[in-house]
Amino acid sequence: MKLHAPEGAALPLIPVARAEGVWLHDHEGRRYLDAISSWWVNLFGHNHPEIRAALVDQLHTLDHVMLAGFTHGPVVELSERLAALTGLGHAFYGSDGASATEIALKMSAHHWRNAGQADKCRFVGVAGGYHGETVGALAVTDIALFREAYAPLVRLAATVPSPDARG
């Protein structure tokens with residue numbers, strides 16, 4: 001955030017007024033290509049008509065129910081569709097990628113503990129990999145910029161070379 005400091009900012013913040021497709025628009029009508037896609041979760045572009053219509057339709061019925069002791073039709077339908085595609089019997093939902101990574105690490109450790117191998121609790125990360133900014137996700141992230149500030153809190157994973165054939 002130091003790059004965006006108010007006085008003499010090297011990179012002033014860009015106030016976004018609206019978004020459409022791959023473009024972010026500021027209040028003066030300039031547009032910016034959203035090459036990050038809101039941290040990689042906006043695969044279909046901003047304000048996609050079919051997605052927007054489905055969200056509005058869902059909001060008229062049910063905006064949110066926490067899945068801790070509760071359920072609802074749309075999540076049951078999604079879970080059944082996922083089960084049919086994967087052959088898995090259960091679904092566990094997270095609110096974002098870092099939380100999903102955190103949940104996966106915890107579920108793995110919990111599985112091995114229940115299997116009588118509680119000492120099997122180390123993880124492997126891929127060189128150059130980014131998996132989020134929660135403490136567990138940082139353990140398998142291999143980007144110093146994200147990890148260094150929290151190093152005392154992070155239990156580092158083993159890092160292996162990327163199998164990416166491009167590099």
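In the predicted model, Leu85 is located in helix H3, which covers residues 73-86. The residue is exposed, because its relative accessible area of 74% lies over the 50% cut-off. Leu85 also contributes to a nonpolar surface patch of about 450 Å², together with Leu67, Leu78, Leu82 and Tyr93.

Helix H2 comprises residues 49-61. None of its 13 residues is buried, and the helix is accordingly hardly covered. The geometry of H2 is consistent with its length: at 1.5 Å a residue, a span of 18 Å is expected for 13 residues, and the end C-alpha atoms are 19 Å apart, in agreement with that value.

Aromatic contacts amount to one pair under the criterion applied. The pair is formed by Tyr130 and Phe146, whose ring centres are separated by 4.7 Å; the planes meet at 50°, so the arrangement is classed as tilted, since this angle falls between the limits of 30 degrees for stacked and 60 degrees for edge-to-face rings. Tyr130 belongs to the loop that connects strand E4 (124-126) with helix H5 (135-139), whereas Phe146 is part of helix H6 (residues 144-147); the pair therefore ties together parts 16 residues apart in sequence. Tyr130 is partly exposed, as its relative accessible area is 25%.

Charged side chains are also placed over aromatic rings. Arg31 lies over the face of Trp23, at a distance of 3.8 Å from the ring centre. At Trp112, the face of the ring is overlain by Lys120, at 4.4 Å from the ring centre.

Notes: Residues are numbered from 1 along each chain as its sequence is written. This is a predicted model: local features need pLDDT of at least 70, side-chain atom pairs count only at pLDDT 80 or more; totals for chains, interfaces and linings use all residues. Side-chain values use heavy atoms; hydrogens and water are left out. Helices (H or I, at least four residues) and strands (E, at least two) are DSSP runs, numbered from the N terminus. The expected span of a helix is 1.5 Å times one less than its number of residues. Buried means under 20% relative accessible area, exposed over 50%, partly exposed in between (1.4 Å probe, protein chains only). Patches are made of residues with over 30% relative accessible area and no salt bridge: like charges are joined within 9 Å, nonpolar side chains (Val, Leu, Ile, Met, Phe, Trp, Tyr) within 5 Å. Accessible areas come from the Shrake-Rupley method with a 1.4 Å probe; for residues, only the protein chains shown count as cover. A salt bridge is a side-chain nitrogen of Lys or Arg within 4 Å of a carboxyl oxygen of Asp or Glu. Rings of Phe, Tyr and Trp (its six-membered ring) pair if their centres lie within 6.5 Å; planes under 30 degrees apart count as stacked, over 60 as edge-to-face and the rest as tilted. A charge sits over a ring if NZ of Lys or CZ of Arg is within 6 Å of the ring centre and within 35 degrees of the ring normal.
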